[in-house]
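Here is a short tour of a protein and DNA assembly. It starts where the protein chains meet and then turns to the DNA.

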2 protein chains.
Amino acid sequence: METRCENCIVRKFNSLRAMNKEELKQVSDNKVYKKFKKGEALFEEGEKLNGVYCVRNGVSKLSKLSANGKDQIVKLATTGEVMGQRAVIVEEPTNLSAIAVNDVEVCFVPKEIIVGTMHKNPDFTLEVLRHMAHDLKEADDVIVNMSQKTVKQRVAEAFMYLKNNYGVDEEGFLNLTLSREDIANVVGTATESCIRIISEFKKKELLKTSGKRVAIVKEKELQDLIDGF
Amino acid sequence: METRCENCIVRKFNSLRAMNKEELKQVSDNKVYKKFKKGEALFEEGEKLNGVYCVRNGVSKLSKLSANGKDQIVKLATTGEVMGQRAVIVEEPTNLSAIAVNDVEVCFVPKEIIVGTMHKNPDFTLEVLRHMAHDLKEADDVIVNMSQKTVKQRVAEAFMYLKNNYGVDEEGFLNLTLSREDIANVVGTATESCIRIISEFKKKELLKTSGKRVAIVKEKELQDLIDGF
DNA sequence: AACAAAACCTGACAAATATCATGTTTTTCC
DNA sequence: GGAAAAACATGATATTTGTCAGGTTTTGTT
């Protein structure tokens, strides 16, 4: 396992790439490697975060509990992404929980290091800003989808998202398998509705399944459905 | 009309407050004052923005056109807020249109000045970052509301939002009057559904109206409805 | 392997919401 | 001030989605 941030490939994909050697060394000297098993919480909504989590491996769901007791998954965070930045920047408790979808390895970086670097290195701050700007755009898109697309379209979109971001195995099954409930919580619908729609897609041969694993069969038709044709 | 940014009260509310005297002078020397009438577009989705818009007066709706031809209003931008920051930072065409809800006055600040300051003054960058972090949190909340609350709850919430952010006049009517269609586009529903719900609220005496003006009558009951009681 | 727990699935029905059609009121503009 | 346009309003109906209730299959554990 590579233990020096300076040589960590993961860093290339996030805002830490804008740090200089000295700053990276400081991160490296203070980071704590942590492991979470599938289903474990990295942190929970309302918690004060003392640092950020740089994902080395695995996927976490970032979700928020709604008044009616359902979780809404706002984002999936993958290798290379940094979680908890927002809360550290505004010095507020985090508004989201992070739960491991599969086994997750992260490097925890104390907030003092992040905040200190932001005051000294404008390039780093700007890089963080760019990432946050990107997240904000994605959030805007989600809002529009939520209100303007049907549940069916959103379910279809969720599978396309999984294919495009995590790929498929030799048999064509999605590399990242979510439970039906998780998919429902991404899409913002009832679990039963989600299952029903998946069944319908299977009947129409847009998808095929094997246990909880899902494969996209007719990608174009699925995309047309998303686009409203 | 105050023409020097150094003395502009509006600046106190946005990220420009982190600029030093010299930087502000530069903004002041390069800014362009612009006026837009109700209904006019400050900029449109897909446009490249050559700068940011600092709102001196009035309210604009930031919206995105969906595939089915409906506008989704993602945010309302008011006095003191800066529009277009996101697009300038990531150097992409803007993902949102800005339309004046009432007469709007803005100062247009060329992007070179904003970007230049971000490279030199980490405090400014950090301040922009804080504002964007705040926007991102709000966006997350909107996502959860969209998927977990009923249209009725969201309409009620929209009115509470208008009251809390723009206040009411002597008679109790909301200072910011939106058309039923705009409210529907904030809430993400059909205009008819929105009208119907307002009618229902009137019957229950939660609201009263006079033309398109709306007043909240029973605030507590309205809030209970939002919270799901 | 056997059991329990969790996840998945389906039907029946109820509730929420959209759509279409049509009429009324308000606003705008000449 | 009056005509035209836009916004508002409501009924009837169709569609979508959620809820509840009851199954089956899969997964995990001893």
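## Where the chains meet

Chain A and chain B bury about 3800 Å² between them, and carbon and sulfur atoms give 71% of that area. On the side of chain A, the residues that lose the most area to chain B are A:Leu129, A:Ile143 and A:Gln148. Together they account for 17% of what that side buries. The size of an interface is often given in this way, as the accessible area lost when the parts come together. This is a predicted model.

Counted by residues, 38 of chain A are in contact with 38 of chain B. The rule finds 2 salt bridges across this interface. A:Asp141 forms a salt bridge with B:Lys64, and their closest N and O atoms are 3.6 Å apart. Between the two chains, 8 residue pairs are in polar contact.

Which elements of chain A each supply at least two residues to the side that touches chain B? They are strand E5 (71-77), helix H2 (85-90), helix H3 (111-120) and helix H4 (122-148). H4(A) provides the largest share, 22 residues. By class, the residues on this side of chain A are 17 nonpolar, 10 polar and 11 charged.

## How the copies are related

A turn of 180 degrees, with a shift of 0.0 Å along the axis, lays chain A on chain B with an RMSD of 0.1 Å. That is the relation of a two-fold axis. The same surface serves both copies, as 100% of the contact residues of chain A recur in chain B. Which residue of chain A comes closest to the rotation axis? A:Pro122 does, with its C-alpha at 2.3 Å.

## DNA strand C

Now to the DNA. There are 17 residues around DNA strand C. The nearest are A:Arg180, A:Ser199, B:Thr189, B:Ser193 and B:Arg196. Of the strand C atoms within 4 Å of the protein, 57% belong to sugar or phosphate, and the rest belong to bases.

Backbone and side chain both appear in the distances to this strand. A backbone N or O atom of B:Ala190 lies 3.5 Å from a phosphate oxygen of DNA strand C. The side chain of A:Arg180 has an N or O atom 2.8 Å from a phosphate oxygen of that strand. The side chain of B:Arg196 places an N or O atom 2.9 Å from a base oxygen of DNA strand C.

Helix H6 (180-187) and helix H7 (191-203) of chain A, with helix H7 (191-203) of chain B, are the elements that give two or more residues to this surface. H7(A) gives the most, with 5 residues. The surface near DNA strand C has 3 nonpolar, 5 polar and 9 charged residues.

## DNA strand D

DNA strand D also has 17 residues around it. Here A:Thr189, A:Ser193, A:Arg196, B:Arg180 and B:Ser199 come nearest. Sugar or phosphate holds 58% of the strand D atoms within 4 Å of the protein, and bases hold the rest.

The table lists side-chain distances to this strand.

| Residue | Atom of DNA strand D | Distance |
|---|---|---|
| A:Ser193 | phosphate oxygen | 2.9 Å |
| B:Arg196 | base oxygen | 3.0 Å |
| B:Ser199 | phosphate oxygen | 2.5 Å |

H7 of chain A, together with helix H6 (180-187) and H7 of chain B, are the elements giving two or more residues to the surface near DNA strand D. H7(B) gives the most, with 5 residues. This surface has 3 nonpolar, 5 polar and 9 charged residues.

Note on methods. Residues numbered from 1 in each chain as written. Chains lettered and ligands numbered in written order. Predicted model: local features only at pLDDT ≥ 70, side-chain atom pairs only at ≥ 80, totals over all residues. Heavy atoms only, no water. Contact = heavy atoms within 4.5 Å. Buried area = accessible area lost by both parts, 1.4 Å probe. Salt bridge = Lys/Arg side-chain N within 4 Å of Asp/Glu carboxyl O. Polar contact = N/O pair within 3.5 Å; in protein donor to acceptor, adjacent residues only side chain to side chain. Helix = DSSP H or I, 4+ residues; strand = E, 2+ residues; numbered from the N terminus. Nonpolar A, V, L, I, M, F, W, Y, C, P; charged D, E, K, R; others polar. Least-squares fit on C-alpha atoms with pLDDT ≥ 70 in both. Near = heavy atom within 4 Å.
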